[in-house]
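Open the model in your viewer and keep the selection box at hand. This tour says what to pick next and what you will find there.

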Amino acid sequence: MTIQWYPGHMAKATRELQEWIKRVDVVVELADARIPQASRNPVLNDVLSDRPKVLAMVKTDMADETVTKQWQQHFEQNGENVVLMNAKHNKGSGKLIQEVKRLAQPKMQALQKKGIKKRAVRAMIVGVPNVGKSTVINRLVGKNQAKTGDRPAMTRGNHWLKVSNEMELLDTPGILWPKFEDQEVGYKLAITGAIKDERLDFQDVVLYLIQQLQKWYPQALEERYNLSELPSEGVDIFETIGRKRGCLIAGGDVDFDQAAEVILRDFRSEKLGPISLEKPE
Ligand code: G4P
């Protein structure tokens with residue numbers, strides 16, 4: 001089953017991206033380190049033209065470090081340029097800037113050979129909603145943002161934010177609309193907050209999360225919810241947690257919607273620890 005997420009928006013965003021990409025030397029694609037595959041959209045490669053691209057895996061503080069390293073290796077083996085970032089604690093910005101400049105070098109040299117005056121490298125950030133685009137932009141621009149204070153940071157148009165004398169960022173983060181070909185991808189995007197898809201059942205989303213945790217991080221569930229032994233079925237874990245957390249309806253049955261909210265909030269606020277929901281094959 002192929003589910004297109006708001007195809008109208010997707011087509012418009014793709015057209016806009018195509019225009020913006022023409023103005024930059026390098027594209028920085030952000031992927032959520034917890035779901036580095038599901039949070040990427042293959043449409044980007046179709047519109048890149050010959051622009052070099054850096055893949056920045058962000059929110060690495062929220063993901064399983066070992067799995068993130070496996071993903072990095074996996075992507076690098078496929079010829080991608082990968083940088084690990086934790087924008088919340090400002091880690092990886094320096095490496096990202098370095099990588100952007102390195103990838104732009106052939107083009108800058110070619111321009112200079114033609115006698116064109118040296119200019120700053122131009123880059124843009126793209127990624128699905130909520131992946132961390134604005135946070136990364138703020139980290140890169142840092143205190144320099146004040147210097148461009150006369151230009152609103154997020155307006156549309158051909159404005160640039162100064163990272164340094166050698167690098168500028170297009171001030172419009174390009175939104176990639178997630179595309180999901182199977183329901184699992186939709187679940188992962190919903191769990192991490194990239195989409196609010198009403199077509200997905202909220203309880204199903206959280207049941208999927210529980211099943212993933214049961215499979216890969218049973219200890220996280222046991223410790224967080226004080227469970228000495230996990231029931232074998234995901235739905236029974238769901239019910240047990242709901243009961244333990246007092247999520248009950250009249251008559252004493254578990255209120256699964258309330259329990260789902262508790263579990264999702266715990267996951268998103270890292271109460272369950274660093275978790276990766278995808279592993280490279
Ligand atoms: P967007 O522009 O792509 O839509 O994403 P945005 O930067 O708004 O980031 C979405 C949420 O992700 C924000 O949290 C932001 O703080 C968080 N975030 C971004 N990068 C990182 C990271 O590397 N690590 C962690 N742990 N979180 C990150 P929020 O709760 O929506 O807002 P806020 O209250 O934190 O500002």
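**Stop 1: a tilted tyrosine pair**

Select Y187 and Y208 in this predicted model. Y187 is buried, and Y208 is buried as well. Show both rings. Their centres are 5.2 Å apart and their planes meet at 35°, so the pair counts as tilted. Why tilted? The angle of 35° falls between the cut-offs, under 30 degrees for stacked and over 60 for edge-to-face.

Now colour the helices. Y187 sits in helix α6 (residues 183–191), while Y208 belongs to helix α7 (residues 202–216). The two rings are 21 residues apart in sequence, so the pair ties together separate parts of the chain.

**Stop 2: a stacked pair in one helix**

How many aromatic pairs are there by this rule? The count is 3. One of them is W71 with F75. Select these two. The pair is stacked, at 5.3 Å centre to centre and 25° between the planes.

Both residues lie in helix α3 (residues 65–77). They are 4 residues apart, about one turn of the helix. Are W71 and F75 buried or exposed? Both are buried.

**Stop 3: charges over rings**

Stay on F75 and add R40. The charged end of R40 sits over the ring of F75, 4.9 Å from the ring centre. F75 therefore has two partners to display: W71 in the stacked pair and R40 over its ring, both within the cut-offs of 6.5 Å for ring centres and 6 Å for a charge.

Next, select R122 and W160. Here the charged end of R122 sits over the ring of W160. The distance to the ring centre is 5.5 Å.

**Stop 4: the ligand**

Centre the view on the ligand. How many residues surround it? The shell has 14 residues. The closest are D61, A87, K133, S134 and T135. Colour the shell by class: 4 residues are nonpolar, 5 are polar and 5 are charged.

Then draw three distances, each to an oxygen atom of the ligand:

- From T135, a polar side-chain atom lies 2.6 Å away from a ligand oxygen.
- From A87, a polar backbone atom is 2.7 Å from a ligand oxygen.
- From G132, a backbone N or O atom is 3.0 Å from a ligand oxygen.

How much of the ligand does the protein bury? Taken alone, the ligand exposes 710 Å², and the protein buries 61% of that.

**Stop 5: N165 and its side chain**

Select N165. It lies in the loop between β6 (160–164) and β7 (167–170). N165 is exposed, with a relative accessible area of 65%; the cut-off for exposed is over 50%. Show the side chain of K162 too. A polar contact of 3.0 Å joins the side chains of N165 and K162.

Add R119 for a sequence-versus-space check. N165 and R119 are 46 residues apart along the chain. Their C-alpha atoms are separated by 8.5 Å.

**Stop 6: positive phi**

Which phi value does N226 have? Phi of N226 is near 55°, a positive value in a residue other than glycine. N226 lies in the loop between α8 (218–225) and α9 (234–244). At 60% relative accessibility, N226 counts as exposed.

Go on to E270, in the segment after α10. Phi of E270 is near 65°, also positive in a residue that is not glycine. E270 is partly exposed, with a relative accessible area of 30%.

**Stop 7: two helix residues and their distances**

Select S93, in helix α4 (residues 93–113). S93 is buried, at 8% relative accessible area. Measure to A63. The two residues are 30 apart along the chain, and their C-alpha atoms are separated by 18 Å.

Now jump to D257 in helix α10 (residues 256–268). D257 is partly exposed, with a relative accessible area of 40%. Take the distance to Q18. The pair is 239 residues apart in sequence and 41 Å apart in space, C-alpha to C-alpha.

**Last stop: the whole chain**

Zoom out. The chain has 10 helices and 9 strands. Its C-alpha trace spans about 80 × 40 × 35 Å along the principal axes. What share of the 281 residues is buried? Buried residues make up 50%.

Terms used: Residues are numbered from 1 along each chain as its sequence is written. This is a predicted model: local features need pLDDT of at least 70, side-chain atom pairs count only at pLDDT 80 or more; totals for chains, interfaces and linings use all residues. Side-chain values use heavy atoms; hydrogens and water are left out. Rings of Phe, Tyr and Trp (its six-membered ring) pair if their centres lie within 6.5 Å; planes under 30 degrees apart count as stacked, over 60 as edge-to-face and the rest as tilted. Helices (H or I, at least four residues) and strands (E, at least two) are DSSP runs, numbered from the N terminus. Buried means under 20% relative accessible area, exposed over 50%, partly exposed in between (1.4 Å probe, protein chains only). A charge sits over a ring if NZ of Lys or CZ of Arg is within 6 Å of the ring centre and within 35 degrees of the ring normal. A residue is near a molecule or strand if one of its heavy atoms lies within 4 Å of it. A polar contact is a pair of N or O atoms within 3.5 Å; within protein, one must be able to donate a hydrogen and the other to accept it, and residues adjacent in sequence count only if both atoms are side-chain atoms. Accessible areas come from the Shrake-Rupley method with a 1.4 Å probe; for residues, only the protein chains shown count as cover. Ala, Val, Leu, Ile, Met, Phe, Trp, Tyr, Cys and Pro count as nonpolar, Asp, Glu, Lys and Arg as charged, and the others, Gly among them, as polar.
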